[in-house]
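Biologist: Hello! Could you walk me through this structure, one question at a time?

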Amino acid sequence: MDLKPLIALLAIVNPIGAIPFFLSFTSGFSRAQRQRTIRVSAFSAFVVIAVSALAGLRIIEFFGISIASFQVGGGTLLLISSLQMLHAQPAETSKEDVSEGAERADAGDSIAVVPLTIPLLTGPATISTMVIYAQQSPHWWQLGTLVLYGVVIGVAVYVAFMASGRIARVLGQTGINVMTRLMGLILAAMAVEIMAAGLMQLFPVLATALPR
């Protein structure tokens with residue numbers, strides 16, 4: 001079983017790194033509202049990953065995009081996300097997304113799907129990763145494994161948010177930042193691998209130039 005997709009997903013989604021934002025967005029929520037937000041966020045993260053794995057490849061084929069081009073583009077996107085994480089920022093969000101989440105929370109609206117799940121937890125980098133690994137999974141059981149990884153991510157989000165208060169007290173902001181940077185370093189290495197594979201498909205001469 002190839003664990004690379006799961007490792008990449010854990011690095012991108014990084015539920016631990018999203019805990020400060022979750023606590024901020026839900027600070028005025030009741031216990032019931034907070035638990036509902038956690039359930040919806042965890043399920044939404046699973047849905048994004050599962051749909052990307054099962055249908056993402058069909059979508060890029062519909063637009064006539066080659067998988068090699070998508071690997072280079074997706075790898076570049078992952079690299080940009082990893083650079084954000086190396087600065088202790090969530091991989092798939094921006095200051096505008098965080099501000100929007102704070103405003104929606106103040107207004108009493110549900111922030112479970114937007115922006116907590118999309119794009120804070122899952123977004124373009126997550127979708128790109130699943131499409132790339134789906135292309136490398138020709139058998140139904142391999143696609144099933146990718147969907148199973150989506151379940152694992154959903155459970156990880158649920159557990160992290162349920163224990164968010166304790167995790168924040170134990171790790172503190174410094175500990176969370178260190179974990180985010182470590183995940184960013186891992187993601188950067190995987191992004192380079194994905195980009196290199198795509199570039200060698202687009203320019204076969206690069207493969208022949210590699211030392212043997």
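Modeller: Gladly! Accessible areas here come from the Shrake-Rupley method with a 1.4 Å probe. Please keep in mind that this is a predicted model.

Biologist: What share of the accessible surface of the chain belongs to carbon and sulfur atoms?

Modeller: Start with the total: the accessible surface of the chain is about 10,800 Å². The part of that surface belonging to carbon and sulfur atoms is 68%.

Biologist: How many helices and how many strands does the chain have?

Modeller: Follow the sequence and you read α-α-α-α-α-α-α-α-α-α. The count is therefore 10 helices and zero strands, with helices taken as DSSP runs of at least four residues.

Biologist: Which helices each supply at least two residues of the largest nonpolar core?

Modeller: That core, the largest nonpolar one, has 48 residues. Leu78, Leu116, Leu146, Ile153, Val157 and Phe161 have the most contacts inside it. The helices supplying at least two core residues each are helix 1, helix 2, helix 3, helix 4, helix 6, helix 7, helix 8 and helix 9.

Biologist: Which residues does Leu146 touch, leaving out those up to four places away in sequence?

Modeller: Leu146 is one of the residues with the most contacts inside the core. Beyond those sequence neighbours, Leu146 touches Pro5, Ile49, Ala53, Met130, Tyr133, Ala134 and Ser137.

Biologist: Is Asn14 buried or exposed?

Modeller: Asn14 sits in the loop between helix 1 and helix 2, and its phi is near 45°, a positive value in a residue other than glycine. Its relative accessible area is 7%. Buried means under 20%, so Asn14 counts as buried.

How values were computed: Residues are numbered from 1 along each chain as its sequence is written. This is a predicted model: local features need pLDDT of at least 70, side-chain atom pairs count only at pLDDT 80 or more; totals for chains, interfaces and linings use all residues. Side-chain values use heavy atoms; hydrogens and water are left out. A nonpolar core is a set of buried Ala, Val, Leu, Ile, Met, Phe, Trp, Tyr and Cys residues joined through side-chain atoms within 4.5 Å. Buried means under 20% relative accessible area, exposed over 50%, partly exposed in between (1.4 Å probe, protein chains only). Contact means heavy atoms within 4.5 Å.
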